Amino acid sequence: MRTKIRVLHGSAMDAAAIASESVDLIVTSPPYPMIEMWDETFIAPDASIGRNLAAGKGPAAFESMHCILDEAWRECDRVLRPGGLACVNIGDATRTLSGDFQLYSNHSRILKAFLDLGYAVLPDILWRKQTNAPTKFMGSGMLPVGAYVTYEHEYVLIMRKGRRRRFQDAGEKQRRRESAFFWEERNAWFSDVWFDIKGTPQALVTEADRKRSAAFPFELAYRLVSMFSIKGDHVLDPFAGTGTTLSAALTAGRNATGVELDASLVATCRDVLGATPGFANDYVRERLVRHMAFVRDRVGASGPMKYVNRHYGFPVMTAQERDLLIPDVLQTERATADELQVEHDEGPQRELAGLWENERWAEHPAATGKGPATGRCRTVPLPGAPAQQAFQFDTSAVRSATSR
Ligand SMILES: C[S@@+](CC[C@H](N)C(=O)[O-])C[C@H]1O[C@@H](n2cnc3c(N)ncnc32)[C@H](O)[C@@H]1O
């Protein structure tokens with residue numbers, strides 16, 4: 001299978017290079033209104049925002065910032081197919097202006113924008129982030145009534161354009177079956193609170209770039225892409241930042257387009273995509289090995305499972321997981337300055353074949369619990385496997401293609 005990943009240098013408010021109704025899923029996180037690191041981003045197109053902030057007129061500045069984002073949501077609506085989903089990661093802001101502290105509810109304002117566009121709002125996910133910042137306790141300390149609740153969560157808002165998507169032809173139905181997730185993943189991923197999302201791996205993006213762009217973790221993007229699109233779909237991130245969504249889409253076998261205003265982050269996106277193939281193949285192996293560890297524990301506790309996955313030969317909980325297939329990235333090649341072409345294997349990882357039978361997988365760090373935490377992959381070959389030789393991906397081509 002072949003997919004394309006594009007990085008466009010430009011504005012989310014005008015994505016003319018993206019055809020109307022050509023996108024199946026949007027996964028994004030915009031600049032956050034009323035969070036100071038993004039003030040300049042909003043003041044640049046609307047100087048009145050700076051004046052209102054200086055005058056302590058928080059609600060007016062907040063509304064003007066969202067009016068700018070509304071333009072991006074209208075552009076998203078133009079490019080999204082009917083039945084497509086938009087997943088928007090956003091945090092609310094707390095801020096003191098002219099001595100008055102208050103919450104600016106970004107998530108409710110963005111929901112309103114999508115409701116105004118006629119979208120159906122679906123149940124959202126609360127992403128629980130823990131902060132140990134010294135400013136954790138805000139307000140009047142131990143004295144009532146001026147102490148404030150500590151904000152340690154963000155939202156993933158999920159909105160649908162029009163009616164539910166229908167899968168039409170046989171090819172699309174087969175791609176959907178192959179894009180299934182494991183039963184135990186479904187239980188975690190479709191929970192309304194995510195406690196277990198770890199940071200973006202250093203293998204993909206430096207800490208400095210991550211902070212500068214407020215990048216979300218790879219695992220967050222990978223889950224959303226896997227939950228709400230199928231292989232071969234087109235995923236858009238109109239505020240691409242360091243390219244986390246694009247990297248997740250590449251890993252999951254989706255086409256993707258990212259739009260980013262900051263030229264230096266466009267270059268970072270290209271670097272991230274260059275590092276993604278090796279990372280992706282490790283990540284997917286860990287996912288498969290985690291499933292095998294789950295099966296071992298489950299069978300030990302509750303007896304045999306009813307179904308077998310036809311590609312990997314390991315047991316699965318439901319009939320819907322029988323066709324699940326997560327192949328390697330074989331090769332990436334730069335087609336144009338903007339575009340990376342990706343070739344995915346057609347079948348399962350060769351060194352995984354028969355591994356369930358001989359139980360060598362159980363030595364893998366992901367199965368022993370000594371492996372990297374979710375979303376923090378490093379190269380861990382499967383025990384007994386001929387390391388990376390079983391597959392080849394042309395990272396040198398990617399590196400030269402993406403060098404600035
Ligand atoms: C919260 S960050 C997104 C981070 C991204 N999810 C990641 O993982 O790296 C928002 C991004 O939007 C970009 N941005 C701001 N205004 C933009 C615009 N009008 N069009 C496109 N990108 C914009 C910023 O430069 C920043 O990289």
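## A walk across the sheet

Start by selecting residues 120-128 and 153-160: these are strand 6 and strand 9, which run antiparallel and are joined by seven bridges. Which residue of strand 9 stands opposite Leu126? Show the side chains and you'll find Tyr155 there. Keep in mind as you go that this is a predicted model.

**Zoom out to the whole sheet.** Strands 6 and 9 belong to an open sheet of ten strands, with mixed pairing. Colour them in the order 10-6-9-3-2-11-12-1-16-15 and you can read across from one side to the other. Now pick out residues 193-194 (strand 10) and 329-334 (strand 15): these two are the edges. Each has a single partner strand, so one of its sides has no neighbour in the sheet.

**Add the helices.** Select residues 218-228 next. That's helix 8, and it lies across strands 2, 3, 6, 9 and 11. To see what it covers, highlight 23-28 for strand 2, 80-90 for strand 3 and 234-237 for strand 11. Helix 8 runs at about 155° to strand 2. Then bring up residues 263-302, which make up helix 10. Helix 10 packs on the sheet too, touching strand 1 (2-9), strand 12 (255-260), strand 15 and strand 16 (339-344). Its direction makes about 160° with that of strand 1.

**Step back for a moment.** With the full chain in cartoon view, you're looking at 13 helices and 16 strands. The chain has 404 residues, and 42% of them count as buried. Of the contacts with a separation of 6 or more, 70% are between residues 24 or more positions apart.

**Now for the loops.** Go to Pro144 and Val145: the peptide bond joining them is cis, with omega about 5°. Val145 sits in the loop between strand 7 (138-139) and strand 8 (147-148).

Next, select Met34, in the loop that leads from strand 2 to helix 1 (39-43). Its phi is near 70°, a positive value in a residue that isn't glycine. Is Met34 buried or exposed? It's buried, because 24 other C-beta atoms lie within 10 Å and the cut-off for buried is 20 or more.

Last stop: Ser98, another non-glycine residue with a positive phi, this time about 50°. Look for Ser98 in the loop between strand 4 (93-97) and strand 5 (100-104). Ser98 has 9 C-beta neighbours inside 10 Å, so it counts as exposed; the limit for that is 12 or fewer.

Note on methods: Residues are numbered from 1 along each chain as its sequence is written. This is a predicted model: local features need pLDDT of at least 70, side-chain atom pairs count only at pLDDT 80 or more; totals for chains, interfaces and linings use all residues. Two strands pair if DSSP finds at least two bridges between them. Helices (H or I, at least four residues) and strands (E, at least two) are DSSP runs, numbered from the N terminus. Two residues are in contact if their C-beta atoms, placed from the backbone, lie within 7 Å. Axes are lines fitted to C-alpha atoms, for helices over the stretch in contact, and angles run from 0 to 180 degrees between N-to-C directions.
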